[in-house]
Amino acid sequence: MANLLVCLTGNTELQHLSVNYCGLTIPSGALIAELLTKSTIVHLEVTGNALQCDGTAQLVDVLCTQDIPLKSLLIADNGIDPHGKGNQRGPFMTAKVIRRWLTCTQYLELCDLRDNDIGDLAARELMDGLTDRVTAGLKNIQLLVTCRIDAAIYKTIQSLGKKSKGGSKKKKKRKSSSLSTKNVATRNIASVRVNISLIHYYSSKFAGNDTFISSHLALYFAKSFRSKSAIDSLA
């Protein structure tokens, strides 16, 4: 894997590099950092490796000092916790480096640190980094961390993060009830005119049978049209 990273150095076509679950360890952090300075990568995925605190700090430290347009860094499940062997820094010191990067980068949109047991002190440092961005007027970013931290800190990190693009869709405005009533009345008026013609027709046909007209046609007329306002408008 180290040879692959060296071979990719200087590549001007590659923009998305995914080396998830590739067995990367602490020394790989510096190799990846060097690769970023000599390539066009803007999306980096290193989830499921073992960069631990030192490897992560080496990688992010270069991002702080170089103008690298990295938009997303997925570094979940990398042993960024107090239990890693060979680490000279703990999660808190690593978080301080990440905070420095969060404060200065104008490119980052997503940073995934989930499944790393960073602890409350490191989480607070990351939270302060997001607050620094707000103070500096930089755009919000989506920072994902483990939920195994203080609930208030976790909630604050989520609230300071970038809002989902989907969002809630605006409900369509319902048509005005007055407009609907007007349309119904118009349709009823048209129907009334048609059926008045029928009444005239049957009245002339059964002119000698007033009982038929009053008992049948009048009943039909009453059942067919229920809008009094529509009938009144004909007056």
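**Exercise 1. In which helix does T103 lie, and what surrounds this residue in the predicted model?**

*Solution.* The residue is first placed in its element: T103 belongs to helix α4, which covers residues 91-104. Its accessibility is then compared with the limits for the middle class, which lies between under 20% for buried and over 50% for exposed. Because T103 has a relative accessibility of 30%, it counts as partly exposed. The contacts come next: leaving out residues up to four places away in sequence, T103 touches G129, D132, R133 and L138. For one of these partners a backbone distance can be added, since the C-alpha atoms of T103 and D132 are 5.8 Å apart, with their positions 29 residues apart along the chain.

**Exercise 2. Determine how α3 and α4 are packed, starting from the angle and the distance between their axes.**

*Solution.* Two packed helices are described by the angle between their axes and by the distance between those axes. For helix α3 (residues 52-65) and α4 the angle is about 20 degrees, and the axes are 9 Å apart. Angles under 35 degrees count as roughly parallel, and α3 and α4 are therefore roughly parallel to each other. The sense of the crossing has to be stated separately, and for α3 and α4 it is left-handed.

The residues that form the contact are then listed by helix. On the α3 side they are C53, T56, A57, V60, D61, L63 and C64, and these meet P91, T94, V97, I98, R100, W101 and C104 in α4. Sorted by class, the residues of this contact divide into 10 nonpolar, two polar and two charged.

**Exercise 3. Carry out the analysis for α5 and α6: at what angle do their axes cross, and which residues meet?**

*Solution.* Helix α5 spans residues 119-136 and helix α6 spans residues 151-160; their axes come within 10 Å and cross at roughly 30 degrees. With that angle, α5 is roughly parallel to α6. The crossing of α5 and α6 is left-handed.

From α5, the residues D120, A123, R124, M127, L130, T131 and V134 take part, and they meet I153, T156, I157 and L160 in α6. By class, the contact of α5 with α6 comprises seven nonpolar, two polar and two charged residues.

One participant can be followed in detail. V134 is found in helix α5, and because its relative accessibility is 47%, V134 counts as partly exposed. When neighbours within four places in sequence are left aside, V134 is in contact with N140 and L160. The pair V134 and L160 is 26 residues apart in sequence, while the C-alpha to C-alpha distance is 8.4 Å.

**Exercise 4. Describe the sheet: what is the order of its strands, and which strands form its edges?**

*Solution.* The sheet is open, has five strands and is paired in parallel, with the order β1-β2-β3-β4-β5. Its edge strands are β1 (16-18) and β5 (142-144), each of which pairs on one side only. From one strand to the next, the twist averages 5 degrees.

A single pairing illustrates the arrangement. Strand β3 (residues 72-74) and strand β4 (residues 110-112) are joined in the parallel sense over three bridges, and L73 stands opposite C111 in β4.

**Exercise 5. Where are D77 and D115 placed, and how exposed is each of them?**

*Solution.* D77 sits in the loop between β3 and α4. Although D77 is not a glycine, its phi is positive, at about 55 degrees. Because its relative accessibility is 33%, D77 counts as partly exposed.

D115 is located in the loop between β4 and α5. Its phi is likewise positive, at about 60 degrees, although D115 is not a glycine. With a relative accessible area of 60%, D115 is exposed.

**Exercise 6. Set these local features in the whole chain: how many helices and strands does the chain have, and in what order do its elements run?**

*Solution.* The protein chain has nine helices and five strands. Read from the N terminus on, its elements run α-β-α-β-α-β-α-β-α-β-α-α-α-α. Of the 235 residues in the chain, 35% are buried. As for the reach of the contacts, among those between residues at least 6 apart in sequence, 79% join residues at least 24 apart.

Technical notes. Residues are numbered from 1 along each chain as its sequence is written. This is a predicted model: local features need pLDDT of at least 70, side-chain atom pairs count only at pLDDT 80 or more; totals for chains, interfaces and linings use all residues. Side-chain values use heavy atoms; hydrogens and water are left out. Axes are lines fitted to C-alpha atoms, for helices over the stretch in contact, and angles run from 0 to 180 degrees between N-to-C directions. Helices (H or I, at least four residues) and strands (E, at least two) are DSSP runs, numbered from the N terminus. Angles under 35 degrees count as roughly parallel, over 145 as roughly antiparallel, 65 to 115 as roughly perpendicular and the rest as oblique. A crossing is left-handed if the near helix is turned anticlockwise from the far one by less than a right angle, and right-handed if clockwise. Contact means heavy atoms within 4.5 Å. Ala, Val, Leu, Ile, Met, Phe, Trp, Tyr, Cys and Pro count as nonpolar, Asp, Glu, Lys and Arg as charged, and the others, Gly among them, as polar. Two strands pair if DSSP finds at least two bridges between them. Buried means under 20% relative accessible area, exposed over 50%, partly exposed in between (1.4 Å probe, protein chains only).
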